[in-house]
There are 2 protein chains.
Amino acid sequence: MGKCEQCMVRQLNSIKELSKDELIRISHCKTMKIIKKGEVIFNEGDYINGVFCIKSGICKVSKMSENGRDQIIHLIKRGDLLGQRSLISDEVANLKATAVNDMEVCFIPKQEILKDLHKNPNFSMSVLKNMANSLKDTDNIVVNMAQKSVRQRLASSLLYLEENFGVNKDGGVNINLTREDIANIIGTATESTIRLLSEFKKKDYIKLVKKEIVILNRNELKSIEVFT
Amino acid sequence: MGKCEQCMVRQLNSIKELSKDELIRISHCKTMKIIKKGEVIFNEGDYINGVFCIKSGICKVSKMSENGRDQIIHLIKRGDLLGQRSLISDEVANLKATAVNDMEVCFIPKQEILKDLHKNPNFSMSVLKNMANSLKDTDNIVVNMAQKSVRQRLASSLLYLEENFGVNKDGGVNINLTREDIANIIGTATESTIRLLSEFKKKDYIKLVKKEIVILNRNELKSIEVFT
DNA sequence: CGATTGCTTGACCCCCATCAATCCTCGTGG
DNA sequence: CCACGAGGATTGATGGGGGTCAAGCAATCG
(Lines give C-alpha, C1' and ligand atoms only; values in the text may rest on other atoms or scores of the structure.)
Protein backbone atom coordinates (compact mmCIF):
# COMPACT_ATOMS: atom_id res chain seq x y z
CA MET A 1 0.00 0.00 0.00
CA GLY A 2 1.36 3.40 -0.99
CA LYS A 3 2.30 5.92 1.64
CA CYS A 4 0.76 9.38 1.77
CA GLU A 5 4.11 10.86 2.69
CA GLN A 6 5.42 9.83 -0.69
CA CYS A 7 2.35 10.61 -2.72
CA MET A 8 2.77 13.70 -4.87
CA VAL A 9 -0.95 14.19 -5.20
CA ARG A 10 -1.23 15.53 -1.66
CA GLN A 11 0.67 18.64 -2.71
CA LEU A 12 -2.35 19.57 -4.78
CA ASN A 13 -4.85 19.95 -1.98
CA SER A 14 -5.30 20.82 1.67
CA ILE A 15 -3.56 17.66 2.77
CA LYS A 16 -0.27 19.40 2.04
CA GLU A 17 -0.83 21.36 5.26
CA LEU A 18 -0.66 18.26 7.42
CA SER A 19 2.44 17.58 9.49
CA LYS A 20 4.58 14.54 8.94
CA ASP A 21 3.03 12.78 11.94
CA GLU A 22 -0.48 13.55 10.84
CA LEU A 23 0.32 12.26 7.37
CA ILE A 24 1.64 8.99 8.71
CA ARG A 25 -1.46 8.51 10.78
CA ILE A 26 -3.66 9.16 7.74
CA SER A 27 -1.52 6.84 5.69
CA HIS A 28 -2.26 3.98 8.04
CA CYS A 29 -6.00 4.27 7.98
CA LYS A 30 -6.64 5.21 4.38
CA THR A 31 -7.70 2.68 1.78
CA MET A 32 -6.92 2.76 -1.89
CA LYS A 33 -9.60 1.94 -4.44
CA ILE A 34 -9.73 1.39 -8.15
CA ILE A 35 -12.93 2.63 -9.69
CA LYS A 36 -14.00 1.63 -13.17
CA LYS A 37 -15.37 4.00 -15.75
CA GLY A 38 -19.09 4.47 -15.23
CA GLU A 39 -19.04 3.23 -11.66
CA VAL A 40 -20.90 5.29 -9.08
CA ILE A 41 -18.65 6.37 -6.21
CA PHE A 42 -21.52 7.57 -4.09
CA ASN A 43 -25.13 8.47 -4.61
CA GLU A 44 -27.39 11.23 -3.36
CA GLY A 45 -28.47 10.28 0.11
CA ASP A 46 -25.51 7.99 0.78
CA TYR A 47 -23.71 8.40 4.02
CA ILE A 48 -20.09 8.94 3.00
CA ASN A 49 -17.94 8.22 5.96
CA GLY A 50 -14.91 10.16 4.83
CA VAL A 51 -13.34 11.92 1.88
CA PHE A 52 -11.83 10.69 -1.35
CA CYS A 53 -8.49 11.98 -2.55
CA ILE A 54 -8.24 11.55 -6.31
CA LYS A 55 -4.95 10.07 -7.47
CA SER A 56 -5.93 9.72 -11.10
CA GLY A 57 -8.96 9.82 -13.33
CA ILE A 58 -11.93 12.14 -13.53
CA CYS A 59 -15.38 11.99 -12.06
CA LYS A 60 -18.55 13.94 -12.63
CA VAL A 61 -20.55 15.21 -9.69
CA SER A 62 -24.22 15.63 -10.43
CA LYS A 63 -27.67 15.95 -8.99
CA MET A 64 -30.89 14.53 -10.30
CA SER A 65 -33.47 17.23 -10.80
CA GLU A 66 -37.10 16.52 -10.04
CA ASN A 67 -37.89 16.44 -13.75
CA GLY A 68 -35.60 13.44 -14.12
CA ARG A 69 -32.52 14.91 -15.72
CA ASP A 70 -29.11 14.75 -14.18
CA GLN A 71 -27.34 18.08 -13.82
CA ILE A 72 -23.55 17.92 -13.67
CA ILE A 73 -22.27 20.52 -11.24
CA HIS A 74 -18.58 19.74 -10.86
CA LEU A 75 -15.87 17.78 -12.59
CA ILE A 76 -13.29 16.44 -10.17
CA LYS A 77 -9.79 15.46 -11.17
CA ARG A 78 -6.36 14.41 -9.90
CA GLY A 79 -5.50 16.19 -6.69
CA ASP A 80 -9.03 17.17 -5.77
CA LEU A 81 -10.81 16.07 -2.63
CA LEU A 82 -14.28 14.63 -3.07
CA GLY A 83 -16.87 14.56 -0.32
CA GLN A 84 -15.51 17.37 1.87
CA ARG A 85 -18.81 19.17 1.93
CA SER A 86 -20.89 16.32 3.29
CA LEU A 87 -18.21 15.51 5.82
CA ILE A 88 -18.19 18.99 7.25
CA SER A 89 -21.95 19.39 7.29
CA ASP A 90 -22.23 15.93 8.76
CA GLU A 91 -25.01 15.12 6.36
CA VAL A 92 -25.71 12.52 3.72
CA ALA A 93 -24.45 13.36 0.26
CA ASN A 94 -26.42 15.93 -1.68
CA LEU A 95 -24.81 14.92 -4.93
CA LYS A 96 -23.86 11.84 -6.89
CA ALA A 97 -20.33 11.09 -8.06
CA THR A 98 -19.69 8.92 -11.12
CA ALA A 99 -16.36 7.97 -12.68
CA VAL A 100 -15.91 9.36 -16.18
CA ASN A 101 -12.90 7.12 -16.76
CA ASP A 102 -10.98 4.63 -14.68
CA MET A 103 -9.84 6.15 -11.41
CA GLU A 104 -7.50 5.56 -8.51
CA VAL A 105 -8.70 7.13 -5.30
CA CYS A 106 -7.76 7.01 -1.64
CA PHE A 107 -10.48 6.97 0.94
CA ILE A 108 -9.73 8.70 4.23
CA PRO A 109 -12.12 8.00 7.12
CA LYS A 110 -14.09 10.86 8.55
CA GLN A 111 -12.78 10.82 12.13
CA GLU A 112 -9.21 11.26 10.97
CA ILE A 113 -10.02 14.32 8.93
CA LEU A 114 -12.16 15.81 11.68
CA LYS A 115 -9.38 15.32 14.18
CA ASP A 116 -6.96 17.24 12.00
CA LEU A 117 -9.50 19.94 11.23
CA HIS A 118 -9.77 20.65 14.94
CA LYS A 119 -6.11 20.47 15.76
CA ASN A 120 -4.33 21.93 12.77
CA PRO A 121 -5.42 25.50 11.98
CA ASN A 122 -3.38 25.58 8.79
CA PHE A 123 -5.26 22.57 7.56
CA SER A 124 -8.65 23.96 8.47
CA MET A 125 -7.81 27.33 6.91
CA SER A 126 -6.79 25.55 3.75
CA VAL A 127 -10.04 23.60 3.63
CA LEU A 128 -11.88 26.82 4.31
CA LYS A 129 -10.13 28.57 1.43
CA ASN A 130 -10.87 25.71 -0.82
CA MET A 131 -14.52 25.78 0.10
CA ALA A 132 -14.62 29.54 -0.38
CA ASN A 133 -13.28 29.11 -3.89
CA SER A 134 -15.85 26.45 -4.69
CA LEU A 135 -18.52 28.77 -3.45
CA LYS A 136 -17.35 31.55 -5.71
CA ASP A 137 -17.19 29.21 -8.68
CA THR A 138 -20.65 27.92 -8.00
CA ASP A 139 -22.05 31.44 -7.61
CA ASN A 140 -20.68 32.20 -11.03
CA ILE A 141 -22.26 29.08 -12.46
CA VAL A 142 -25.62 30.21 -11.13
CA VAL A 143 -25.29 33.50 -12.96
CA ASN A 144 -24.37 31.76 -16.17
CA MET A 145 -27.21 29.29 -15.92
CA ALA A 146 -29.71 31.99 -15.18
CA GLN A 147 -28.62 34.58 -17.67
CA LYS A 148 -26.82 32.98 -20.58
CA SER A 149 -28.23 31.22 -23.60
CA VAL A 150 -27.50 27.58 -24.32
CA ARG A 151 -25.14 28.63 -27.11
CA GLN A 152 -23.16 30.84 -24.73
CA ARG A 153 -22.96 28.10 -22.14
CA LEU A 154 -21.75 25.57 -24.67
CA ALA A 155 -19.00 27.90 -25.92
CA SER A 156 -18.06 28.59 -22.34
CA SER A 157 -17.98 24.92 -21.39
CA LEU A 158 -15.85 23.91 -24.34
CA LEU A 159 -13.24 26.49 -23.38
CA TYR A 160 -13.44 25.40 -19.77
CA LEU A 161 -12.97 21.75 -20.62
CA GLU A 162 -9.98 22.40 -22.85
CA GLU A 163 -8.38 24.66 -20.25
CA ASN A 164 -8.85 22.25 -17.37
CA PHE A 165 -8.30 18.88 -19.01
CA GLY A 166 -5.98 19.70 -21.86
CA VAL A 167 -5.86 18.08 -25.28
CA ASN A 168 -4.61 14.73 -26.56
CA LYS A 169 -2.37 14.08 -29.51
CA ASP A 170 -5.15 14.72 -32.01
CA GLY A 171 -5.81 18.08 -30.37
CA GLY A 172 -9.09 16.75 -28.96
CA VAL A 173 -10.33 17.95 -25.60
CA ASN A 174 -8.94 15.34 -23.27
CA ILE A 175 -11.97 14.24 -21.31
CA ASN A 176 -14.15 11.36 -22.17
CA LEU A 177 -17.63 12.89 -22.03
CA THR A 178 -20.61 11.81 -24.07
CA ARG A 179 -22.78 14.39 -25.78
CA GLU A 180 -25.32 13.72 -23.09
CA ASP A 181 -22.75 14.55 -20.41
CA ILE A 182 -21.99 17.84 -22.11
CA ALA A 183 -25.70 18.56 -22.32
CA ASN A 184 -25.98 17.81 -18.62
CA ILE A 185 -23.21 20.26 -17.85
CA ILE A 186 -24.82 23.11 -19.71
CA GLY A 187 -28.32 22.08 -18.67
CA THR A 188 -30.03 21.42 -21.97
CA ALA A 189 -31.35 18.62 -24.16
CA THR A 190 -28.77 16.36 -25.79
CA GLU A 191 -30.11 17.18 -29.25
CA SER A 192 -29.63 20.89 -28.70
CA THR A 193 -26.03 20.32 -27.77
CA ILE A 194 -25.44 18.22 -30.84
CA ARG A 195 -27.09 20.77 -33.09
CA LEU A 196 -24.96 23.57 -31.70
CA LEU A 197 -21.81 21.49 -32.01
CA SER A 198 -22.58 20.90 -35.66
CA GLU A 199 -23.21 24.61 -36.09
CA PHE A 200 -19.83 25.39 -34.50
CA LYS A 201 -18.24 22.80 -36.75
CA LYS A 202 -19.80 24.29 -39.87
CA LYS A 203 -18.36 27.66 -38.90
CA ASP A 204 -14.95 26.10 -38.24
CA TYR A 205 -14.87 27.02 -34.58
CA ILE A 206 -14.31 23.36 -33.83
CA LYS A 207 -13.75 20.12 -35.69
CA LEU A 208 -14.69 16.59 -34.73
CA VAL A 209 -12.12 13.81 -34.76
CA LYS A 210 -13.90 10.56 -34.04
CA LYS A 211 -16.47 12.24 -31.73
CA GLU A 212 -13.68 14.09 -30.00
CA ILE A 213 -13.88 17.85 -30.06
CA VAL A 214 -10.93 19.85 -31.36
CA ILE A 215 -11.13 23.55 -30.71
CA LEU A 216 -9.97 25.60 -33.68
CA ASN A 217 -11.02 29.15 -32.92
CA ARG A 218 -10.84 30.14 -29.27
CA ASN A 219 -11.41 33.83 -29.91
CA GLU A 220 -14.64 33.27 -31.72
CA LEU A 221 -15.89 31.00 -28.93
CA LYS A 222 -14.90 33.61 -26.38
CA SER A 223 -16.94 36.21 -28.14
CA ILE A 224 -19.93 33.86 -28.30
CA GLU A 225 -19.49 33.27 -24.60
CA VAL A 226 -20.23 36.88 -23.81
CA PHE A 227 -22.81 37.62 -26.44
CA THR A 228 -25.53 35.66 -28.23
CA MET B 1 -21.91 51.96 21.07
CA GLY B 2 -23.53 48.58 21.69
CA LYS B 3 -21.52 45.70 23.01
CA CYS B 4 -21.26 42.41 21.16
CA GLU B 5 -21.48 40.54 24.46
CA GLN B 6 -24.98 41.85 24.89
CA CYS B 7 -26.10 41.58 21.29
CA MET B 8 -28.56 38.75 20.74
CA VAL B 9 -27.82 38.63 17.03
CA ARG B 10 -24.48 36.90 17.61
CA GLN B 11 -26.32 33.79 18.76
CA LEU B 12 -27.49 33.36 15.18
CA ASN B 13 -24.13 32.87 13.55
CA SER B 14 -20.60 31.61 14.03
CA ILE B 15 -19.78 34.46 16.39
CA LYS B 16 -21.59 32.52 19.11
CA GLU B 17 -18.55 30.26 19.25
CA LEU B 18 -16.24 33.06 20.39
CA SER B 19 -15.13 33.21 24.00
CA LYS B 20 -16.01 36.11 26.24
CA ASP B 21 -12.55 37.63 25.81
CA GLU B 22 -12.63 37.29 22.07
CA LEU B 23 -16.05 38.90 22.00
CA ILE B 24 -14.88 41.86 24.02
CA ARG B 25 -11.97 42.37 21.69
CA ILE B 26 -14.27 42.28 18.67
CA SER B 27 -16.64 44.62 20.41
CA HIS B 28 -13.94 47.25 20.69
CA CYS B 29 -12.92 47.29 17.10
CA LYS B 30 -16.25 46.85 15.35
CA THR B 31 -18.17 49.76 13.90
CA MET B 32 -21.92 50.04 13.59
CA LYS B 33 -23.47 51.38 10.42
CA ILE B 34 -26.92 52.37 9.31
CA ILE B 35 -27.56 51.58 5.68
CA LYS B 36 -30.48 53.07 3.79
CA LYS B 37 -32.75 51.15 1.47
CA GLY B 38 -31.20 50.93 -1.97
CA GLU B 39 -27.72 51.75 -0.76
CA VAL B 40 -24.90 49.56 -2.06
CA ILE B 41 -22.90 47.98 0.78
CA PHE B 42 -20.15 46.78 -1.51
CA ASN B 43 -19.70 46.24 -5.18
CA GLU B 44 -18.09 43.56 -7.32
CA GLY B 45 -14.37 44.19 -7.25
CA ASP B 46 -14.41 46.13 -3.97
CA TYR B 47 -11.88 45.17 -1.39
CA ILE B 48 -13.95 44.46 1.70
CA ASN B 49 -11.68 44.65 4.66
CA GLY B 50 -13.83 42.59 7.01
CA VAL B 51 -17.26 41.09 7.47
CA PHE B 52 -20.66 42.55 8.14
CA CYS B 53 -22.90 41.13 10.83
CA ILE B 54 -26.51 41.97 10.07
CA LYS B 55 -28.46 43.31 13.06
CA SER B 56 -31.59 44.15 11.13
CA GLY B 57 -32.84 44.57 7.60
CA ILE B 58 -32.36 42.56 4.44
CA CYS B 59 -29.93 42.83 1.59
CA LYS B 60 -29.73 41.22 -1.81
CA VAL B 61 -26.44 39.81 -3.04
CA SER B 62 -26.13 39.79 -6.79
CA LYS B 63 -23.77 39.59 -9.72
CA MET B 64 -23.95 41.42 -12.99
CA SER B 65 -23.91 39.03 -15.90
CA GLU B 66 -22.08 39.96 -19.07
CA ASN B 67 -25.37 40.52 -20.84
CA GLY B 68 -26.13 43.35 -18.43
CA ARG B 69 -28.68 41.81 -16.10
CA ASP B 70 -28.19 41.52 -12.41
CA GLN B 71 -28.67 38.03 -11.01
CA ILE B 72 -29.61 37.85 -7.34
CA ILE B 73 -27.90 34.87 -5.73
CA HIS B 74 -28.55 35.28 -2.03
CA LEU B 75 -30.81 37.19 0.32
CA ILE B 76 -29.14 38.03 3.59
CA LYS B 77 -31.03 38.81 6.77
CA ARG B 78 -30.73 39.40 10.51
CA GLY B 79 -28.10 37.20 12.04
CA ASP B 80 -26.26 36.42 8.81
CA LEU B 81 -22.66 37.29 8.13
CA LEU B 82 -21.93 39.07 4.88
CA GLY B 83 -18.56 39.04 3.18
CA GLN B 84 -17.12 35.88 4.76
CA ARG B 85 -16.26 34.37 1.42
CA SER B 86 -14.09 37.21 0.16
CA LEU B 87 -12.39 37.48 3.53
CA ILE B 88 -11.36 33.86 3.53
CA SER B 89 -10.24 33.77 -0.08
CA ASP B 90 -8.45 37.06 0.47
CA GLU B 91 -9.87 38.38 -2.76
CA VAL B 92 -11.94 41.32 -3.87
CA ALA B 93 -15.68 40.79 -3.74
CA ASN B 94 -17.16 38.64 -6.47
CA LEU B 95 -20.66 39.90 -5.73
CA LYS B 96 -22.52 43.08 -5.01
CA ALA B 97 -24.61 43.68 -1.89
CA THR B 98 -27.52 46.11 -1.90
CA ALA B 99 -29.89 46.96 0.95
CA VAL B 100 -33.47 45.95 0.23
CA ASN B 101 -34.70 47.99 3.18
CA ASP B 102 -33.07 50.04 5.92
CA MET B 103 -30.43 48.06 7.74
CA GLU B 104 -28.29 48.10 10.85
CA VAL B 105 -25.02 46.27 10.42
CA CYS B 106 -21.80 45.88 12.38
CA PHE B 107 -18.54 45.85 10.52
CA ILE B 108 -15.78 43.69 11.95
CA PRO B 109 -12.28 44.23 10.57
CA LYS B 110 -10.60 41.40 8.77
CA GLN B 111 -7.57 40.91 11.04
CA GLU B 112 -9.75 40.30 14.06
CA ILE B 113 -11.73 37.58 12.35
CA LEU B 114 -8.64 35.96 10.90
CA LYS B 115 -7.01 35.93 14.32
CA ASP B 116 -9.97 34.08 15.78
CA LEU B 117 -10.19 31.71 12.83
CA HIS B 118 -6.65 30.59 13.54
CA LYS B 119 -6.93 30.38 17.28
CA ASN B 120 -10.42 29.12 17.95
CA PRO B 121 -11.16 25.76 16.29
CA ASN B 122 -14.79 25.88 17.32
CA PHE B 123 -15.17 29.17 15.54
CA SER B 124 -13.43 27.99 12.40
CA MET B 125 -15.47 24.77 12.38
CA SER B 126 -18.62 26.81 12.66
CA VAL B 127 -17.61 29.03 9.75
CA LEU B 128 -16.70 25.93 7.82
CA LYS B 129 -20.10 24.38 8.46
CA ASN B 130 -21.78 27.53 7.46
CA MET B 131 -19.85 27.67 4.25
CA ALA B 132 -20.60 24.01 3.56
CA ASN B 133 -24.29 24.74 3.89
CA SER B 134 -24.08 27.68 1.54
CA LEU B 135 -22.31 25.47 -0.93
CA LYS B 136 -25.04 22.89 -0.78
CA ASP B 137 -27.73 25.54 -1.19
CA THR B 138 -25.94 27.03 -4.15
CA ASP B 139 -25.46 23.63 -5.78
CA ASN B 140 -29.18 23.15 -5.54
CA ILE B 141 -29.82 26.54 -7.06
CA VAL B 142 -27.66 25.57 -10.03
CA VAL B 143 -29.79 22.48 -10.60
CA ASN B 144 -32.97 24.49 -10.42
CA MET B 145 -31.70 27.17 -12.77
CA ALA B 146 -30.49 24.62 -15.26
CA GLN B 147 -33.43 22.25 -15.21
CA LYS B 148 -36.58 24.00 -14.12
CA SER B 149 -38.89 26.22 -16.10
CA VAL B 150 -39.45 29.84 -15.19
CA ARG B 151 -42.90 28.94 -13.84
CA GLN B 152 -41.41 26.32 -11.54
CA ARG B 153 -38.75 28.70 -10.33
CA LEU B 154 -41.28 31.40 -9.59
CA ALA B 155 -43.47 29.03 -7.59
CA SER B 156 -40.41 27.85 -5.74
CA SER B 157 -39.20 31.37 -5.01
CA LEU B 158 -42.55 32.53 -3.69
CA LEU B 159 -42.63 29.65 -1.23
CA TYR B 160 -39.04 30.32 -0.28
CA LEU B 161 -39.67 33.99 0.35
CA GLU B 162 -42.70 33.36 2.48
CA GLU B 163 -40.92 30.70 4.49
CA ASN B 164 -37.83 32.77 5.14
CA PHE B 165 -39.24 36.24 5.57
CA GLY B 166 -42.72 35.56 6.89
CA VAL B 167 -45.86 37.55 6.22
CA ASN B 168 -47.13 40.91 7.41
CA LYS B 169 -50.57 41.75 8.82
CA ASP B 170 -52.18 41.60 5.38
CA GLY B 171 -50.70 38.16 4.84
CA GLY B 172 -48.30 39.57 2.26
CA VAL B 173 -44.83 38.11 1.89
CA ASN B 174 -42.78 40.29 4.18
CA ILE B 175 -39.95 41.41 1.97
CA ASN B 176 -39.89 44.53 -0.05
CA LEU B 177 -38.85 43.30 -3.46
CA THR B 178 -39.83 44.84 -6.77
CA ARG B 179 -41.07 42.69 -9.62
CA GLU B 180 -37.70 43.24 -11.20
CA ASP B 181 -35.97 41.90 -8.10
CA ILE B 182 -38.09 38.77 -8.24
CA ALA B 183 -37.28 38.41 -11.91
CA ASN B 184 -33.60 38.74 -11.04
CA ILE B 185 -33.90 35.99 -8.47
CA ILE B 186 -35.46 33.52 -10.85
CA GLY B 187 -33.34 34.70 -13.77
CA THR B 188 -35.92 35.88 -16.24
CA ALA B 189 -37.35 39.00 -17.84
CA THR B 190 -39.46 41.23 -15.59
CA GLU B 191 -42.43 40.93 -17.94
CA SER B 192 -42.38 37.15 -17.75
CA THR B 193 -42.49 37.31 -13.98
CA ILE B 194 -45.42 39.70 -14.05
CA ARG B 195 -47.29 37.57 -16.55
CA LEU B 196 -46.85 34.47 -14.43
CA LEU B 197 -47.89 36.32 -11.29
CA SER B 198 -51.07 37.37 -12.99
CA GLU B 199 -51.64 33.80 -14.12
CA PHE B 200 -51.19 32.58 -10.53
CA LYS B 201 -53.55 35.28 -9.38
CA LYS B 202 -56.18 34.29 -11.91
CA LYS B 203 -55.99 30.73 -10.64
CA ASP B 204 -56.24 31.92 -7.02
CA TYR B 205 -52.85 30.57 -6.02
CA ILE B 206 -51.97 34.07 -4.85
CA LYS B 207 -53.63 37.44 -4.49
CA LEU B 208 -52.15 40.90 -4.70
CA VAL B 209 -52.70 43.44 -1.93
CA LYS B 210 -51.18 46.73 -3.05
CA LYS B 211 -48.43 44.99 -5.05
CA GLU B 212 -47.72 42.73 -2.11
CA ILE B 213 -48.03 39.04 -2.75
CA VAL B 214 -50.32 36.97 -0.54
CA ILE B 215 -49.98 33.25 -0.96
CA LEU B 216 -53.32 31.48 -0.94
CA ASN B 217 -52.61 27.97 -2.12
CA ARG B 218 -49.29 26.54 -1.02
CA ASN B 219 -50.04 23.00 -2.15
CA GLU B 220 -50.77 24.04 -5.68
CA LEU B 221 -47.55 26.06 -5.82
CA LYS B 222 -45.63 23.10 -4.47
CA SER B 223 -46.96 20.90 -7.19
CA ILE B 224 -46.02 23.48 -9.81
CA GLU B 225 -42.57 23.60 -8.29
CA VAL B 226 -41.93 19.98 -9.19
CA PHE B 227 -43.73 19.76 -12.48
CA THR B 228 -44.42 22.15 -15.39
C1' DC C 1 -47.87 68.38 -9.48
C1' DG C 2 -44.51 67.06 -13.00
C1' DA C 3 -41.33 63.35 -13.27
C1' DT C 4 -39.27 59.27 -12.40
C1' DT C 5 -39.76 54.55 -11.23
C1' DG C 6 -42.38 50.50 -11.10
C1' DC C 7 -46.34 47.67 -12.96
C1' DT C 8 -49.08 45.65 -16.64
C1' DT C 9 -50.58 44.06 -21.10
C1' DG C 10 -50.17 43.17 -26.15
C1' DA C 11 -47.75 41.60 -30.28
C1' DC C 12 -44.18 39.15 -32.33
C1' DC C 13 -40.89 35.70 -33.06
C1' DC C 14 -36.91 32.94 -31.99
C1' DC C 15 -34.69 29.56 -29.20
C1' DC C 16 -34.93 25.30 -27.56
C1' DA C 17 -37.54 21.03 -25.77
C1' DT C 18 -39.68 17.08 -27.51
C1' DC C 19 -40.76 13.18 -30.38
C1' DA C 20 -39.32 10.25 -34.05
C1' DA C 21 -36.41 8.03 -37.27
C1' DT C 22 -31.88 6.75 -38.87
C1' DC C 23 -27.11 6.06 -38.71
C1' DC C 24 -22.84 4.91 -36.50
C1' DT C 25 -19.78 2.33 -33.52
C1' DC C 26 -18.14 -0.75 -30.58
C1' DG C 27 -18.27 -4.81 -27.58
C1' DT C 28 -20.02 -9.52 -27.11
C1' DG C 29 -20.97 -14.02 -28.17
C1' DG C 30 -21.67 -17.55 -31.55
C1' DC D 1 -14.40 -13.57 -38.11
C1' DC D 2 -18.93 -11.98 -38.52
C1' DA D 3 -23.59 -10.91 -36.83
C1' DC D 4 -26.10 -8.55 -33.92
C1' DG D 5 -27.58 -5.67 -30.36
C1' DA D 6 -27.29 -1.66 -27.53
C1' DG D 7 -25.94 2.72 -26.59
C1' DG D 8 -24.46 6.95 -28.58
C1' DA D 9 -24.69 10.47 -32.38
C1' DT D 10 -27.29 12.89 -35.74
C1' DT D 11 -30.94 15.10 -38.37
C1' DG D 12 -35.79 16.53 -39.22
C1' DA D 13 -40.29 18.34 -37.97
C1' DT D 14 -43.08 20.77 -34.78
C1' DG D 15 -44.84 23.64 -31.15
C1' DG D 16 -44.59 26.35 -27.06
C1' DG D 17 -42.12 28.98 -23.59
C1' DG D 18 -40.26 32.97 -22.75
C1' DG D 19 -37.35 37.11 -24.48
C1' DT D 20 -37.90 41.63 -26.50
C1' DC D 21 -39.94 45.89 -27.94
C1' DA D 22 -43.56 49.10 -27.33
C1' DA D 23 -47.13 51.50 -25.17
C1' DG D 24 -50.06 52.78 -21.46
C1' DC D 25 -51.10 53.00 -16.56
C1' DA D 26 -50.17 53.46 -11.48
C1' DA D 27 -47.69 55.12 -7.71
C1' DT D 28 -44.20 57.37 -5.31
C1' DC D 29 -41.30 61.35 -4.40
C1' DG D 30 -39.03 65.74 -4.39
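How many aromatic pairs does the structure hold over all chains? The count is six. Keep in mind as you look around that this is a predicted model.

## Rings and charges

One pair to pull up on screen is A:Phe200 with A:Tyr205. Their ring centres sit 5.9 Å apart and their planes meet at 50°, so this pair is tilted. Planes under 30 degrees apart would have made a pair stacked, and planes over 60 edge-to-face. A:Phe200 and A:Tyr205 are both buried.

Elsewhere in chain A, three phenylalanines, A:Phe42, A:Phe52 and A:Phe107, make up one aromatic cluster. A:Phe107 also has a lysine for company: A:Lys33 lies over the face of its ring, 5.3 Å from the centre. Chain B has a lysine over a ring too, with the charged end of B:Lys77 placed over B:Phe165 at 5.4 Å from the ring centre.

## Around DNA strand C

Now for the DNA. Strand C is surrounded by 17 residues, and the closest of them come from both chains: A:Val150, A:Thr188 and A:Ser192, plus B:Ile194 and B:Arg195. Of the strand C atoms that come within 4 Å of the protein, 59% belong to sugar and phosphate.

A few atom pairs are worth clicking on. A polar side-chain atom of A:Thr188 is 2.6 Å from a phosphate oxygen of strand C, while A:Val150 uses a backbone N or O atom, 2.9 Å from a phosphate oxygen of that strand. From chain B, an N or O atom in the side chain of B:Lys211 lies 3.3 Å from a sugar or linking oxygen of strand C. The elements giving two or more residues to this surface are H7 of chain A and both H6 and H7 of chain B. H7(B) gives the most, four residues. By class, the surface near strand C has eight charged, five polar and four nonpolar residues.

## Around DNA strand D

Which residues are closest to DNA strand D? They are A:Ile194, A:Arg195, B:Val150, B:Thr188 and B:Ser192, out of 17 residues that surround the strand. Sugar and phosphate make up 57% of the strand D atoms that come within 4 Å of the protein.

Here a polar side-chain atom of A:Arg179 sits 2.9 Å from a phosphate oxygen of strand D. B:Ala189 contributes a polar backbone atom, 3.2 Å from a phosphate oxygen of strand D. B:Arg195 reaches a base instead: a polar atom of its side chain is 3.2 Å from a base oxygen of strand D. Helices H6 (179-186) and H7 (190-202) of chain A, along with helix H7 (190-202) of chain B, each give two or more residues to this surface. The largest share, four residues, comes from H7(A). The class tally near strand D is four nonpolar, five polar and eight charged.

## Helix H6 of chain B

Is H6(B) mostly covered or mostly open? Seven of the eight residues in this helix (179-186) are buried. Among them are B:Arg179, B:Asp181 and B:Asn184, as well as B:Ile182, B:Ile185 and B:Ile186. After the helix comes B:Gly187, with a positive phi near 75°.

## A buried asparagine between the chains

A:Asn94 sits in the loop between helix H2 (84-89) and strand E7 (96-99) of chain A. Its relative accessible area is 10%, so A:Asn94 is buried. The A:Asn94 side chain makes a polar contact, at 3.0 Å, with the side chain of B:Asn140. Leaving aside neighbours within four places in sequence, A:Asn94 is in contact with residues of both chains, including A:Glu44, A:Lys63, A:Arg85, B:Lys136 and B:Asp139.

## Two positive phi values

Most residues other than glycine have a negative phi. A:Asp90, in the loop between H2 and E7 of chain A, has a positive phi near 55°. With a relative accessible area of 46%, A:Asp90 is partly exposed.

B:Lys211, the residue with a side-chain atom 3.3 Å from a sugar or linking oxygen of strand C, has a positive phi as well, near 70°. B:Lys211 lies in the loop between strand E9 (206-209) and strand E10 (212-215) of chain B. Its relative accessible area is 68%, so B:Lys211 counts as exposed.

Notes:
Residues numbered from 1 in each chain as written. Chains lettered and ligands numbered in written order. Predicted model: local features only at pLDDT ≥ 70, side-chain atom pairs only at ≥ 80, totals over all residues. Heavy atoms only, no water. Near = heavy atom within 4 Å. Polar contact = N/O pair within 3.5 Å; in protein donor to acceptor, adjacent residues only side chain to side chain. Nonpolar A, V, L, I, M, F, W, Y, C, P; charged D, E, K, R; others polar. Phe/Tyr/Trp six-rings, centres within 6.5 Å; stacked < 30°, edge-to-face > 60°. Buried < 20%, exposed > 50% of the residue type's maximum accessible area, 1.4 Å probe, protein only. Lys NZ or Arg CZ within 6 Å of the ring centre and 35° of its normal. Contact = heavy atoms within 4.5 Å.
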